[in-house]
Amino acid sequence: MNEYPYPFSPDVMPAWHVMVFVIGACIGSFLNVCIWRIPRDESIVTAPSHCPKCGHDIAWYENIPLLSWIVLNGKCSKCKSPITFRYFCVELLTAVLFYILFYKVTFDHQPLSILIVYFGVTMLIVTTIFIDIEHFLIPDKTTYPVILLGVAVSLVFPEIWGVSTTRLQSFIFSAAGLLIGGGIMALMAVFGKMLFKVEALGWGDVKYIAAVGACLGLKACFFSVLFGSLTGAVAGVGIMLLKHSNLKTAIPFGPFLAAGTFIWMFYGERLTVLYLQLFRH
Ligand SMILES: [Zn+2]
């Protein structure tokens, strides 16, 4: 945490910042494909992107993240029908979140390998926000790969859990997050349904928390659920008051969990230190 630990000079750091932002925008472009196709059970690898209105195949120069949307003024180049602003939002959001995490990791002199799980979880966060809002669903195709990623990266790069972590400890941290975090969430889903007779928590939420646990550990699960429940409750009451609707108006839980997870990645260790300091005096 003290010495400068990276194999490149601090002078080239601005170039890395730009590159991470560009990579984030490109990943965002891929996530746009996932957000549209996964809930519709379409393949994310075959079939090139095309305009949903006129079927015009989108050329590579019409598919440059962020820039193409601006240059085309948010319209299909052939039939001029509007391209949803969501595409631009997803690319910008992913780029900004990647940038913030890269900044945080290099500022704190954390190992760069932790970015693999941070970026993987960020991809899950972005797809969860946009798919869950529209479809009330967190698909297995978004959570399972991130669960595998968390376990695999823990085995290959134990240092993501702390400089002197052994491979076995690292595996246990990841497995504990996956099984205990996911397990508690599963119990909450089952008993919540028995007690309140409504499905407040879906299995998608359970698998989302399992993925967070596998990548970031048990504390990240607790923080995500606590933050998600509090902000979700506030938002739920707000919507009830605004729309004069009743309690049954469901709002998706995923986006609130996702916000909690991102705050944890950015601020987690500091929050733990603050919390412990409260009890020290
Ligand atoms: Zn078109």
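**Exercise 1.** Is tyrosine 144 buried, partly exposed or exposed?

*Solution.* The model is predicted: local features need pLDDT of at least 70, side-chain atom pairs count only at pLDDT 80 or more, and totals for chains, interfaces and linings use all residues. Residues are numbered from 1 along each chain as its sequence is written.

Step 1. Tyrosine 144 has 13 other C-beta atoms within 10 Å.

Step 2. A residue is buried with 20 or more such atoms, exposed with 12 or fewer, and partly exposed in between, the C-beta atoms being placed from the backbone.

Step 3. Tyrosine 144 is therefore partly exposed.

**Exercise 2.** Determine how helix 1 is oriented against helix 3.

*Solution.* Step 1. Helices are DSSP runs of H or I with at least four residues, numbered from the N terminus. Helix 1 covers residues 13–37 and helix 3 residues 85–107.

Step 2. The angle between the two is about 140°, and their axes lie 7 Å apart. Axes are lines fitted to C-alpha atoms over the stretch in contact, and angles run from 0 to 180 degrees between N-to-C directions.

Step 3. Helix 1 is therefore oblique to helix 3, since angles under 35 degrees count as roughly parallel, over 145 as roughly antiparallel, 65 to 115 as roughly perpendicular and the rest as oblique.

**Exercise 3.** State which helix gives the largest share of the largest nonpolar core.

*Solution.* Step 1. Such a core joins buried Ala, Val, Leu, Ile, Met, Phe, Trp, Tyr and Cys residues through C-beta atoms within 7 Å.

Step 2. The largest one has 58 residues.

Step 3. Helix 4 supplies the largest share, 11 residues.
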